[in-house]
Amino acid sequence: MTPPYVEARSILVGGVVLLVTGAAIPLVLQLLVPDGFSGGRGASLVLSCVTVASTVLVALGAAVVGAGLVLRALEQAGVVGPGARRSDDR
């Protein structure tokens, strides 16, 4: 029995979702928080944490997209995936 296989397309879609989510967070914050907002130290800390979280999401999304592209290249080369050549197929 062969283990379940995840297609590169699914991984690429997941990476793009992470990228879009991470990029959208600061844009949404700009819309929600007024320009002259000074909510004190607590609000500044929350905004800093949200900025760090969005940066981490963008970096993670970029890494997942990169892994998906490598996996897609391996699929097209016939190294991995349902159409991969196996050593017992000689």
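**Entry 1: the fold.** I looked up the secondary structure of the protein chain and found two helices and zero strands. I noted at once that this is a predicted model. How much of the chain counts as buried? I found 14% of its 90 residues. I then checked the surface of the chain. About 6,800 Å² is exposed. Carbon and sulfur atoms supply 68% of that area.

**Entry 2: contacts along the chain.** I asked how far apart in sequence the contacting residues are. I took the contacts with a separation of 6 or more. Residues 24 or more positions apart make up 83% of them.

**Entry 3: helix α1.** I traced α1 from residue 8 to residue 32, which is 25 residues. From the first C-alpha to the last I read 36 Å. The span expected at 1.5 Å a residue is also 36 Å. Where does α1 bend? I found the bend at A24, by about 25 degrees. A proline, P26, follows within four residues.

**Entry 4: the buried side of α1.** Which residues of α1 are buried? My list reads A8, L12, G15 and G22. I looked for their partner and found that the buried residues of α1 pack against α2, residues 40–76. I wrote a helix rule beside the list. An α-helix has 3.6 residues a turn, so residues three or four places apart point the same way.

**Entry 5: the exposed end of the list.** I turned to L31, which is in helix α1. Is L31 buried or exposed? The cut-off for exposed is over 50% relative accessible area. L31 has 73%, so I call L31 exposed. L31 also belongs to a nonpolar surface patch with V28 and L32. I noted about 350 Å² for this patch.

**Entry 6: helix α2.** I compared the span of α2 with the expected one. With 37 residues at 1.5 Å each, α2 should span 54 Å. Its end C-alpha atoms are 54 Å apart, so the two values agree. Which residues of α2 are buried? I listed A43, S54, G61, V65, G68 and L71. The buried residues of α2 pack against α1.

**Entry 7: S54.** I picked S54 from helix α2 for a closer look. Buried means under 20% relative accessible area. S54 is at 4%, so S54 counts as buried. What does S54 touch? Leaving out residues up to four places away in sequence, I found G22, I25 and P26. G22 is also on my list of buried residues in α1. P26 is the proline that follows the bend at A24.

**Entry 8: two pairs across the helices.** I looked up G66, which is in helix α2. Its relative accessible area is 28%, so G66 is partly exposed. I paired G66 with G15. They are 51 residues apart along the chain, and their C-alpha atoms are separated by 8.4 Å. Next came A67, also placed in helix α2. A67 has a relative accessible area of 44%, so A67 is partly exposed. Which distance separates the C-alpha atoms of A67 and A8? I read 8.5 Å, although their positions lie 59 residues apart along the chain.

**Entry 9: after α2.** My last stop was just after α2. There G78 takes a positive phi of about 80 degrees.

Conventions:
Residues are numbered from 1 along each chain as its sequence is written. This is a predicted model: local features need pLDDT of at least 70, side-chain atom pairs count only at pLDDT 80 or more; totals for chains, interfaces and linings use all residues. Side-chain values use heavy atoms; hydrogens and water are left out. Buried means under 20% relative accessible area, exposed over 50%, partly exposed in between (1.4 Å probe, protein chains only). Contact means heavy atoms within 4.5 Å. Accessible areas come from the Shrake-Rupley method with a 1.4 Å probe; for residues, only the protein chains shown count as cover. The expected span of a helix is 1.5 Å times one less than its number of residues. The bend at a residue is the angle between axes fitted to the seven residues ending there and the seven starting there. Patches are made of residues with over 30% relative accessible area and no salt bridge: like charges are joined within 9 Å, nonpolar side chains (Val, Leu, Ile, Met, Phe, Trp, Tyr) within 5 Å. A salt bridge is a side-chain nitrogen of Lys or Arg within 4 Å of a carboxyl oxygen of Asp or Glu.
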